[in-house]
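User: Please take a close look at one part of this model, the strand pairing around a central strand, and set it beside the other elements of the chain. A plain account will do.

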Amino acid sequence: MHREALAQMKTDVILQSESSECGLACLAMVASRHGASVGLRDLRQRFSLSLKGASLSRLINIAGQLGLQCRPLRLGMDEIGRLKTPCILHWDMNHFVVLAKVAGKKLVVLDPAFGKREMTLAEASDHFTGVALELTPGEGFTPRKPAPAIAIRQLTGRVTGLWRALAMILALSMVLQVFVLLAPFFMQWVVDQVLVSADRDLLTVLGLGFGLVLLLQVAIGVLRGWAVVYLSSRLGLQWMGNVFSHLLRLPLDFFEKRHLGDITSRMGSVQAIQRTLSTSFVEALVDGLMAVVTLGMMLLYSVKLALVTLLAVAIYLGLRAVAFGQVREGTEQQLVAAARQQSHLLESIRGVQSVKVAGREGLRRSTYFNLMNDTVNRDIRMAWLGLGFNSGSQLIFGLERIAVIWIGAILAMQNVLSVGMLIAYLAYKDQFALRMGGLIDKWIEFRMLRLHGERLADIALAEPELDASACGDQARQLPEDTRLEARGLSFRYAEGEPWIIKDCSFAVEAGESVAIVGASGCGKTTLVKLMLGLLKPVEGTITIGGRDLARLGHEAYRPLMGAVMQDDQLFAGSVAENIAFGDENHGPEGIEAAARLAAIHDEISAMPMGYHSLIGDMGTTLSGGQKQRVILARALHRRPGILFLDEATSHLDVERERLVNEAVRELKLTKVIIAHRPETIASADRVLVMHGGRMVQEIRPAAPASQQASGHANETAAA
């Protein structure tokens, strides 16, 4: 395709999935305009970004690797019309959008967070920062065809019983249609046979016969309805279960880069796909077959009348096809707006304490009202489109019916058709128009599946964590040795980002207790996440018992580990349920033993219902110190071989911290402790001092370890 032709192509909106990938989405839109349909998922895999997003220099680097020549510019709003479109604009100081078109005093912006937006230059000046990036294909730019459609099996996983149930529903539907085809004959025979000859006996026979047919039709309709309900519920359970299982297997950074409301919105696409395939698929098959049969009957009665109806159907089909782009765009924007509203709602509820302390209820309320207003506006737009289609359908097929009756009456007066035949033809014509209208609507619905598939693909096609099945049988065996070792460990969240950990090497012997200290922000928590397998190192290796963590499935090493992280959460339920956390191998005695080790048993016993006391959503009824100790009890209840404690006693008073430290010290397991408080540091066998993402000193606490470590940590912080 020539570049002149490409310049005339329409730029499609690509919405971002991650909260910080607006730059990648803009590059995908520009590349697509120039003939290279690069999917956002492909870009994400090739050029991973951190939660902080991408700078302009990073975008230029990525664009260069895509074969695009870049020209960064600084300009004012009065010069924006001179830019070569599509180009990228820096927006609101922390966002990127695509400028698709400038026409006079108006411009069209493709916002990866909101969709297509038309605004005046004055409105755009409130957002545009004055920085733009023009992109044109270079020598290394290679046009690419759009990726093939995603198979439903890829999105929903393995499903059993689908085709058998669909076959049964299809068979019942076909039987029902036989009765529908017979119905017009009743009116035709009554008009042409009974009324002409005044034959009461024939009328009785016809009435009883068609009454029996009606009873059979109702019975089969009930059976078919039950089969559809059963199929929908069973498939919904399987599909949603498969997607949710896959969601839980995704790595931690998948959730950190996305809004909660957006994830739940994408999960909702499962239901849309399930409804379409379990109900609409069968209905489309039946409508298609019945449209052919009824068209055949219409042609038998009158070709001239059939052509009038076919013309009306063709006009309605053209109307829906022309408007499909608006429907798809509107539906996508509707889903995105609803997801943003849901995210704000969930965030406000989760952080209501902070909102109240800061006195920002009004701000959160007004923001929510704005988001809700945006959602309602999108809903209204879709409702208007729906009203337009309904009105258009009524107008087109209303005029068609008038024309058919007019022409049919003329044919009847010319004795080409009898009155009964005309009435029967009108019945078949109504059935055909209804079936074809439904079939066209189903066609639009199936085309919309691609939208839901693309949204769901962000979850279903994301790479899960490494499991034992991908690592061989050896990975299923638990390491016998709990010695931890890091060699040349380096980590950063994305290329171009500063290194969080760089060339870090150390070892923790089996059964040893090691405290890691250092100034805040030196990488201690990130190091623990790497050792837990929640993050993947960019360079270097971590071994457990001499076996590389990267080659072990998480089923092999996580049963060995217990951890208390800074941001760990409790869940709605009882205290005992939170400590056991689904582990049924140990009874109440094991739960109580873990609680005693965590120095929380006495406080639990004093609660109204003891270990069966409910703790509210995410532990809202517990104090900060109680939450930490219940989480510690949960970690100890697993009877781990390696225990990680990241500021696990930061909310405790000195006495309770001493009790917890003494209990942990007595445990015969490998311990890695992140701490700042001298009392916790003093409980370790060895202290490693971390600075600048690496270990800079090791302290063997022959003298009081707390004094040495805390003193050096203060020196490091000052440095």
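Analyst: Strand β4 and its surroundings

UniProt, in an unreviewed entry, places the feature "transmembrane region" at residues 162-186, 206-231, 281-299, 305-323 and 405-428. The model is predicted, and two of these spans can be described from its geometry. Residues 305-323 are 95% helix and 0% strand, with the end C-alpha atoms 28 Å apart. Residues 405-428 are 79% helix and 0% strand, and here the end C-alpha atoms lie 13 Å apart.

The part requested is strand β4, residues 106-111. Is it enclosed or open to the outside? Five of its six residues are buried, under 20% relative accessible area, so the strand is largely enclosed by the rest of the structure.

Strand β4 has pairing partners in β3 and β5. Strand β3, residues 95-103, runs antiparallel to β4, and five bridges join the two. The pair forms a hairpin with two residues between the strands, and Gly-104 in this hairpin takes a positive phi near 65°. Strand β5, residues 115-120, also pairs with β4 in the antiparallel sense, over six bridges. The hairpin of β4 and β5 has three residues between the strands.

Val-109 of β4 can be followed into each partner. Leu-99 stands opposite Val-109, and in β5 the bridge partner of Val-109 is Arg-117.

For context, there is also a helix contact earlier in the chain. Helix α2 (residues 22-33) packs with helix α4 (residues 56-65) at an angle of about 35°, their axes being 11 Å apart. The crossing of α2 past α4 is right-handed. Gly-23, Leu-24 and Leu-27 of α2 make the contact with Leu-59, Ile-62 and Ala-63 of α4. By class, this contact has five nonpolar residues, one polar and no charged residues.

Another set of strands appears later in the chain. Six strands form an open sheet in the order β12-β13-β14-β9-β15-β16, and the pairing is mixed. Its edge strands are β12 (561-564) and β16 (694-699), each pairing on one side only. On average, neighbouring strands of this sheet are turned by 20° against each other, direction ignored. Within the sheet, β13 (residues 642-646) and β14 (residues 670-674) pair in the parallel sense over five bridges. In that pair, Leu-643 stands opposite Lys-671 of β14. By comparison, the pairing of β4 with β3 is antiparallel, as is the pairing of β4 with β5.

Methods. Residues numbered from 1 in each chain as written. Predicted model: local features only at pLDDT ≥ 70, side-chain atom pairs only at ≥ 80, totals over all residues. Heavy atoms only, no water. UniProt positions renumbered as here; feature names shortened; annotations may be inferred. Helix = DSSP H or I, 4+ residues; strand = E, 2+ residues; numbered from the N terminus. Buried < 20%, exposed > 50% of the residue type's maximum accessible area, 1.4 Å probe, protein only. Pairing = 2+ DSSP bridges. Axes fitted to C-alpha atoms, helices over the stretch in contact; angles between N-to-C directions. Left-handed = near helix turned anticlockwise from the far one by under 90°. Contact = heavy atoms within 4.5 Å. Nonpolar A, V, L, I, M, F, W, Y, C, P; charged D, E, K, R; others polar.
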